[in-house]
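Subject: Structure for you to take over

Hello,

Please take over the structure below. My notes follow it.

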Amino acid sequence: MFERLTPAVKDPILSLSIACQLDTRANKLDLGVGVYRNEQGVTPVLETVKTAEQRLLDMQETKAYVGLAGCERFNRAMMTLLMGDNSSRSRAVAVQTPGASGALRMLADVIAMANPLAKVWMSDLSYANHAPIMKTAGLEVAYFPYFDPETKLVNEPAMLDTLATLGKNDVVLLHGCCHNPTGADLSYNAWQAITDLANQQGFLPFIDMAYQGFGDGMEEDAAGFRYLAERVPAYLVASSCSKNFGLYRERTGLAVVVADTLAKSESIKSRIMECARSTYTMPPDHGAAIVRIILEDEALKNAWLAEVTAMRQRIQGVRSSLADAIRQQTGNQAFDFIEQHKGMFSVLGTNAEQISRLKEEFGIYLVDGGRMNIAGLGEKDVPYLAESLAKVVS
Ligand code: LMR
């Protein structure tokens, strides 16, 4: 049966953590996989998550199945977090999924079911798992210009020029905020221009919102997406609780569908549930139950928002210290963009040889392509990182 099956190519992100774990150097830095760490280098369980988990332990009376769409109270609470009072909410439906990757896959499956000619356009660069998920669902993938290697910001005119050529068989995958891997986000003006193009050309916007709250704030990070959501007839969203609730291993995500009518959205939802049934049947409940408890309790929700604010401010602080330390080490401002980037990651523009030297000579692990997980860096690590980086780029 398996004679001709060759081993899989290693995942570029997940395999890096394993390589770093095996590294015995005391000053090694794992800046690969996207997990938030505190100043002690720990990815903490949030206090509000612990409180909700304790309530769940005390109150839960059954482990019976929930349903193909997961917990509808979780789905509603998450839609409110994502969409606020957006008018498109009246046509929105959602399915709880195993993480946002599960949502991306279920939404990709339903696109492939609806239109075998559909092509998914993603930013160049994009999250390492976007193309594999879309391709495994049978969809064709293409790229629009996005990251400008010179400025380390978004080349919005080039992006908009490409989007202006798309049509009704096209899907445009956008990062809601905190672009992975680059850290370079769309401006509000770009969201407005994309909205106009979606209406003019008829392509379907598909938003991946994995880091809400890690950029400028919970509401601020959704502003561009909400502008678009108010104005287009249809869109999809994959949303994650991995980062902002710190629920990584609990695999807690949401797939949102908005079509031109609620009846159409419901019909698409029934197809997503059909896909879920033949894939994993039902999403795991534990993480979603925690999120529901937090979001339905105003005091707990406010305490959670404060925890997200603290994480965001720590990341912003590390960004400033790192840009400053590199400026001092190199004597130039070539890495000042780190301070302008949003969320957990930045692409540094380092080449393959420099990335390899950082790993081999200094025990500093970045994802191929030069993505650095700034959120995994402590203030105490900044001088060593800046010094090492200055040595490899000089
Ligand atoms: C990342 O980009 O590092 C995270 O989203 C983890 C993952 O699943 O790849």
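The notes cover the ligand site, then the unusual backbone spots, then the helix packing.

This is a predicted model, in which local features need pLDDT of at least 70 and side-chain atom pairs count only at pLDDT 80 or more, while totals for chains, interfaces and linings use all residues. Residues are numbered from 1 along each chain as its sequence is written, and side-chain values use heavy atoms, with hydrogens and water left out.

Ligand site

The ligand is surrounded by I13, V33, G34, Y127, N180, Y211, K243 and R371, where a residue counts as near if one of its heavy atoms lies within 4 Å. Side chains of three residues in that list make polar contacts with oxygen atoms of the ligand; a polar contact is a pair of N or O atoms within 3.5 Å. For R371 the distance from a side-chain N or O atom to a ligand oxygen is 2.8 Å. For Y127 it is 2.9 Å, and for K243 it is 3.0 Å.

Backbone

Most peptide bonds are trans, and most residues other than glycine have a negative phi. The following spots depart from that.

- D124 and L125 are joined by a cis peptide bond with omega of about 15°. L125 sits in the loop between β3 (119–124) and α5 (130–136).
- N180 to P181 is also a cis peptide bond, with omega near 20°. P181 belongs to the loop between β5 (170–175) and α7 (188–201). N180 is also one of the residues around the ligand.
- C178, in the loop between β5 and α7, has a positive phi, near 50°, and is not a glycine.

Helices and strands here are DSSP runs numbered from the N terminus (helices: H or I, at least four residues; strands: E, at least two).

Helix packing

Helix α11 (residues 298–330) recurs in the three pairs below. Axes are lines fitted to C-alpha atoms, over the stretch in contact for helices, and angles run from 0 to 180 degrees between N-to-C directions. Contact means heavy atoms within 4.5 Å. For residue classes, Ala, Val, Leu, Ile, Met, Phe, Trp, Tyr, Cys and Pro are nonpolar, Asp, Glu, Lys and Arg are charged, and the others, Gly among them, are polar.

How do α10 and α11 lie relative to each other? The axes of α10 (residues 286–296) and α11 come within 5 Å and cross at roughly 105°, so the two are roughly perpendicular (65 to 115 degrees; under 35 is roughly parallel, over 145 roughly antiparallel, and the rest oblique). I293, I294, L295 and E296 of α10 touch E298, L300, K301 and W304 of α11. This contact has five nonpolar, no polar and three charged residues.

Helix α2 (residues 47–59) crosses α11 at roughly 145°, with the axes coming within 8 Å. E47, T48, T51, A52 and R55 of α2 meet L300, A303, W304 and E307 of α11. By class there are four nonpolar, two polar and three charged residues.

Helix α14 (residues 382–393) packs against α11 at about 45°, with axes 9 Å apart, and the pair is therefore oblique. The contact includes V318, L322 and I326 of α11 and L385, L389 and V393 of α14. It has 10 nonpolar, three polar and one charged residues.

Regards

Key
A polar contact is a pair of N or O atoms within 3.5 Å; within protein, one must be able to donate a hydrogen and the other to accept it, and residues adjacent in sequence count only if both atoms are side-chain atoms.
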